[in-house]
Amino acid sequence: MMTTQLSDDMRGIEQRFKKEIEPYRTDLWHYCHRLTRSQWDAEDLVQDTLFKSLAMLAKMHQPVKMKSYLFKIATNLWIDRYRRNPYIVEVLEEELQPDHTSAIDLELMDHLEFLIQHLTPHQYVSLLLAEAFRFKASEIAGMISTTEGAVYTNLTRARSVLRKAKGGQIKSTPVLDLVPNATLNTLLNGFRNKDPELIASVLSENVTVNIVHAGIEVGRDEAKRNSLNDWKEVVDAQHQIVVEYKMLWGQQVVVEMERKNDGDLYLNNLHIVETVGGEVTNWTFYCFSWDLMKQAAEELRVKLNATCFYHIF
């Protein structure tokens, strides 16, 4: 049985780690977004990267450059997922011209879907690391376990394909209003009324609550003691709580906002809930997912309630 002291020690180590990687966190999130082409999948990849990078540090006996270390783990995790679920690369019939230039100023984000269809994973990753994040060929070679020559070959191919990209722009998924079922309607009313008991009334006894980047709670009683109690303290100091059920980036999401005295809406939190038989069985919320929340606020055309977010998570 894990002792309380050991649990406390591990949390302390995790906090030290998160302080160490904080300067690189936004770049890591944007890199994961470019790899996955999905805000939600990017957040999952960031989480997995942080978990694995912390675990692996205990096995390393040499100093690491933290940014390169994080990017390497994210890259390998993404490539491993590709190997489990490979996509088909459509080879362009063209004569490739050697290209030894660097730092080509191109709008990569406009062509990610096109590139992922016409580049291998190593070519795709090499282009992102070189052009979007300005890593050197020697650094990229270390991240993907290859040679500098192979990296230059990947870049030649990738840059040529990028110049040929036509009509590959990402189509933005519209934000849609959704109609909640009875369970979700009760949950939404609990948020609007600042009523943790009403929220708890639709939670399964064994609900799993994932506070992304902060912790996991198992069971309704644990959620009431911790996350719901903390949430109540925050919203009691706020003005009107406005909650909407929307389709955001292809995902059904509960959007929690505050309407302040200036009349504007400020994003508090994003919640994803799974229900079975009229009860919430899985509840994930993203208030500590700083970069995801910033993009969501822009997409929803609201402001960000930054004072609610503790970036250290």
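Two strands count as paired if DSSP finds at least two bridges between them. With that in mind, here is a friendly look at two parts of this predicted model: a pair of packed helices, H2 and H4, and the neighbouring hairpins built from strands E4 and E5 and from E5 and E6.

**Helices H2 and H4**

- Helix H2 spans residues 25–36 and helix H4 spans residues 66–84; their axes come within 11 Å and cross at roughly 20 degrees.
- Because angles under 35 degrees count as roughly parallel, H2 is roughly parallel to H4.
- The crossing of H2 past H4 is right-handed.
- On the H2 side, the contact residues are Asp 27, Leu 28, Tyr 31, Cys 32, Leu 35 and Thr 36.
- Their counterparts in H4 are Lys 67, Leu 70, Phe 71, Ala 74, Thr 75 and Trp 78.
- Sorted by class, this contact has eight nonpolar, two polar and two charged residues.

**Strands E4 and E5**

- Strand E4 (residues 240–248) runs antiparallel to strand E5 (residues 251–259), and nine bridges join them.
- One handy pair to find in the structure is Met 247 with its bridge partner in E5, Gln 252.
- The two strands form a hairpin with two residues between them, and Trp 249 in the turn has a positive phi of about 55 degrees.

**Strands E5 and E6**

- E5 also pairs with strand E6 (residues 265–276), in the antiparallel sense and over six bridges.
- Here Val 254 has His 271 in E6 as its bridge partner.
- This hairpin has five residues between its strands, with Gly 263 in the turn at a positive phi of about 85 degrees.

Methods: Residues are numbered from 1 along each chain as its sequence is written. This is a predicted model: local features need pLDDT of at least 70, side-chain atom pairs count only at pLDDT 80 or more; totals for chains, interfaces and linings use all residues. Side-chain values use heavy atoms; hydrogens and water are left out. Axes are lines fitted to C-alpha atoms, for helices over the stretch in contact, and angles run from 0 to 180 degrees between N-to-C directions. Helices (H or I, at least four residues) and strands (E, at least two) are DSSP runs, numbered from the N terminus. Angles under 35 degrees count as roughly parallel, over 145 as roughly antiparallel, 65 to 115 as roughly perpendicular and the rest as oblique. A crossing is left-handed if the near helix is turned anticlockwise from the far one by less than a right angle, and right-handed if clockwise. Contact means heavy atoms within 4.5 Å. Ala, Val, Leu, Ile, Met, Phe, Trp, Tyr, Cys and Pro count as nonpolar, Asp, Glu, Lys and Arg as charged, and the others, Gly among them, as polar.
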